[in-house]
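This report describes a protein chain and then turns to its aromatic rings. Please consult the sequence and the structure while reading.

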Amino acid sequence: MVVIGLGRFGTSLALELTRRGTEVLAIDNRPKITQSLAGQITQIATADATDMEALRQLGVPDFYQAVVAVGSDIEASILTTSLLVELEINDIWAKAISTQHGRILSRIGAHHVVFPEHDMGERVAHLVSGRMLDYMQVDENFALAKTTPPKEYVGVPLGRSNLRRKYGVTIVAVKPSGEDFTYATADTELSYGDVVLVSGRTEQVERFAELP
């Protein structure tokens, strides 16, 4: 995996991938940044990723996946992505800082465009505004949330709760107090102190999480 751009997002990504055992080639044009991360990432290089020859010399074409984590310099982000497309990298992920930026990255050939700042802001907004313990937007209008069970469903087997019909959501896992998460079944009965993972359309998950 090639990670280009070692800001907060790129650095976190490269370190986590390395921790998980993935071979990572991290590239940034700032010597101070690359020197500070030396020894923490599989391979790290100081280079200009907008230079095709530099990418070739570093062996970037030999990698299957690449992430363009350059954000604030939109011109460099677009040019780097276009060079990766020209090198025929099979799976290109690119960070965008605006909808327009993301649209351009998609048009020039990025296979996946991510908006880390926007996504994190959206997640935190859900957490601070309600009872959710964690939140993840799975798709454009589908979410997964960690929350506590509403009192009307405590002590009722999920198979008899009419939860999906009434609220349009599904409880997929339950974590009793002091225990690990387990898959929910029709016989599962929720208790006060449980934590549940609930999935469904975004607005339905939000509504469910607000139930007393």
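## Contacts and overall form

Two residues are in contact if heavy atoms of theirs lie within 4.5 Å. In the protein chain, 53% of the contacts between residues at least 6 apart in sequence join residues at least 24 apart. The model is predicted.

The protein chain contains eight helices and 11 strands. Its radius of gyration is 22 Å, whereas a compact globule of 212 residues would have one near 17 Å. Along the principal axes, the C-alpha atoms fill a box of roughly 65 × 35 × 30 Å.

## Surface and charges

Of the 212 residues, 40% count as buried. The accessible surface amounts to about 11,800 Å², and carbon and sulfur atoms account for 50% of that surface. The chain carries 20 positive and 27 negative charges, whose mean positions are 9 Å apart.

## Aromatic pairs

A search of the whole structure yields three aromatic pairs. One of them joins tyrosine 153 and tyrosine 167 edge-to-face, with 6.1 Å centre to centre and 75° between the planes. Because tyrosine 153 lies in the loop between strand 8 (142-147) and helix 7 (163-167), and tyrosine 167 in helix 7, this pair ties together parts that are 14 residues apart in sequence. Buried means under 20% relative accessible area, so tyrosine 153, at 4%, counts as buried, and tyrosine 167, at 7%, does too.

Tyrosine 153 also forms a tilted pair with phenylalanine 208, at 6.4 Å centre to centre and 40° between the planes. Phenylalanine 208 lies in helix 8 (residues 202-209), so this pair ties together parts that are 55 residues apart in sequence. Phenylalanine 208 is buried, as is tyrosine 153. Ring pairs thus link Tyr153, Tyr167 and Phe208 into a cluster.

Definitions and conventions: Residues are numbered from 1 along each chain as its sequence is written. This is a predicted model: local features need pLDDT of at least 70, side-chain atom pairs count only at pLDDT 80 or more; totals for chains, interfaces and linings use all residues. Side-chain values use heavy atoms; hydrogens and water are left out. Rings of Phe, Tyr and Trp (its six-membered ring) pair if their centres lie within 6.5 Å; planes under 30 degrees apart count as stacked, over 60 as edge-to-face and the rest as tilted. Helices (H or I, at least four residues) and strands (E, at least two) are DSSP runs, numbered from the N terminus. Buried means under 20% relative accessible area, exposed over 50%, partly exposed in between (1.4 Å probe, protein chains only). The radius of gyration is taken over C-alpha atoms; the globule rule is 2.2 Å times the number of residues to the power 0.38. Accessible areas come from the Shrake-Rupley method with a 1.4 Å probe; for residues, only the protein chains shown count as cover. Lys and Arg count as positive and Asp and Glu as negative; His and the chain ends are not counted. The place of a charge is taken as NZ of Lys, CZ of Arg, CG of Asp or CD of Glu.
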